[in-house]
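Notebook open, coffee poured. I wanted to look up a pocket and then the contact between two chains.

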Number of protein chains: 2
Amino acid sequence: MSGAGTGGILDVPSGRPATVPTPLPGDARLSRLSLNQKTTDRWSVGEAVAGCVRAGLPAIGLWREPVQAIGVPAAARLVADAGLRVSSLCRGGFLTTDDPAQRRRAIDDNLRAIDEAAALSAACLVMVVGGLPPGSRDLAGARERVADGIAELVPYAAERRVRLALEPMHPIYCADRGVLSTLGQALDLAGRFRARHVGVVVDTFHIWWDPDVLAQIERAAERIAGFQVCDWITPLPPDALLSRGMMGDGHIDFRLLRRAVDATGYDGDIEVEIFNAEVWAADPEAVVATVARRYVAHVLDV
Amino acid sequence: MSGAGTGGILDVPSGRPATVPTPLPGDARLSRLSLNQKTTDRWSVGEAVAGCVRAGLPAIGLWREPVQAIGVPAAARLVADAGLRVSSLCRGGFLTTDDPAQRRRAIDDNLRAIDEAAALSAACLVMVVGGLPPGSRDLAGARERVADGIAELVPYAAERRVRLALEPMHPIYCADRGVLSTLGQALDLAGRFRARHVGVVVDTFHIWWDPDVLAQIERAAERIAGFQVCDWITPLPPDALLSRGMMGDGHIDFRLLRRAVDATGYDGDIEVEIFNAEVWAADPEAVVATVARRYVAHVLDV
């Protein structure tokens, strides 16, 4: 079973033999591959930047907490010195609270996130909009508050040339993480604003099941602000928040979705974002190498 | 915290004090309440029928395996002698295989399920259509095979006056259980057939998150063959197949959805179907009593 020319290398976390050689730095196939740093959760920003450079990845998706740990200017310098693009900053959002004081704090936090995205020259600020407030069953109300919050943030973001990217989330997260549940719904909301100010994130994990997904990707067109890939695996891991899989370990037809996204004219980065305890337990260097191999084998055309 | 007039009774599995007295047999509010026997998984058909009678529930949802355990004629006699309606038989379906021999077996099994539903005078045969075949990522193909399979079953079912009820399932189950993911998608498929032959199941757990749910319930109209309720709870229990909650323990606005279903003219039974390890570990008698209380407090108008 060991792939020709793969030298007995094993993919992580599956432990299965690699089916393709690891693409080397400079390989044109890596020209759009971005490592979302959550995929190598143990690494600091500096370590993740260095890991991308070693692997030949031209872009990185950053998270606010590790960026804040070293300070935004230091993080901006690290990525700039390494010549990396910042394909996204994760994350703003959490705009569903019905408590006025909490809402004020959420808006203020989003303004800071916008400043950070601007300082990092991030292609977009990913918006995870939030779930139902504790004890609430008013889903329509929560969705309206998201729309109001986005409307309040857009002028500030536009002034700083930061694009807000609404992320529709898998319905498994509707109650506790994100009440935007389909790409169509995210586009309905994004459509209230200019495309250069508010876009959407197409994340295969969140939308692969949607019977309308191909039509909605086509509709999204220039609204696509980011494209993220990871797999849906079964049995679903016990912690729903850590249920994502390495591309190829699950059920998603990545090529189908990538081609649909490409057909819109989107030529930005393709970010690999995997929340998974087994991936996090593996050697981050091996994770990045597997990401590159699986990206070539499952996301790109062969 | 103990509710006035509830005599210190505790709901299961939450252990919280009951907020309303248990409705007694003959209470008009119970006139549409059906116990899906999976909610009291430990009970045989005979025990579940007796439990419904003691609690004053006029209907039961049956499952094929426990029915087969005592034989279909015996089960039919039990429910008839008790004067219960059979609000549904669970379940047919699993039509997504791409292997011809397996498909033949699946069709044959569905024909038997139709015979059983006819013998039990079940209001509908619930169709859980199946997930992706092992190793397959062809979601569109799986969905087409479901449509083909339903088309093959309809004449046989129609002849026996059995109504097939397509159950859209929460996208969490798309890979491994049901590739019909939204009510709209189920209605698109059902619409290929006469409404009296193919309907849909509206299950709050599966569809509550859908931004389009109210419009699709209105569209469903006379296609509604069954209405099931249980809650979406967080954190999601570790086993995704046992993640359903008792009404009131989670995030679903049941009244909103029940009113929308009522507005279509649906006046059939409202079935409580809960797959949950804690519910199954509780005393089934206490489960039925809690079901009746929570139904009155959370599903019906107060």
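**Pocket entry**

I started with the second largest pocket: 15 residues line it, and Pro13(B), Ile233(B), Pro237(B), Asn276(B) and Glu278(B) lie nearest its centre. My pocket rule: on a 1 Å grid over the protein atoms alone, an open set of points where a 1.4 Å probe fits, with protein on both sides within 12 Å along at least five of seven lines; lining residues have an atom within 4 Å of a point. The model is predicted, so I note that local features need pLDDT of at least 70 and side-chain atom pairs pLDDT 80 or more, while totals for chains, interfaces and linings use all residues. Residues are numbered from 1 along each chain as its sequence is written, chains are lettered from A in the order written, and side-chain values use heavy atoms, without hydrogens and water.

The lining of this pocket splits into eight nonpolar, four polar and three charged residues.

**Symmetry entry**

I laid chain B on chain A (least squares on C-alpha atoms with pLDDT of at least 70 in both): a turn of 180° and a shift of 0.0 Å along the axis give an RMSD of 0.0 Å. That is how a two-fold axis relates copies. In chain B, Pro238(B) comes closest to the rotation axis, its C-alpha at 2.0 Å.

**Interface entry**

How many residues does each chain bring to the contact? I got 29 from chain B and 29 from chain A, with contact meaning heavy atoms within 4.5 Å. On the chain B side I noted 14 nonpolar, ten polar and five charged residues.

Terms used. Ala, Val, Leu, Ile, Met, Phe, Trp, Tyr, Cys and Pro count as nonpolar, Asp, Glu, Lys and Arg as charged, and the others, Gly among them, as polar.
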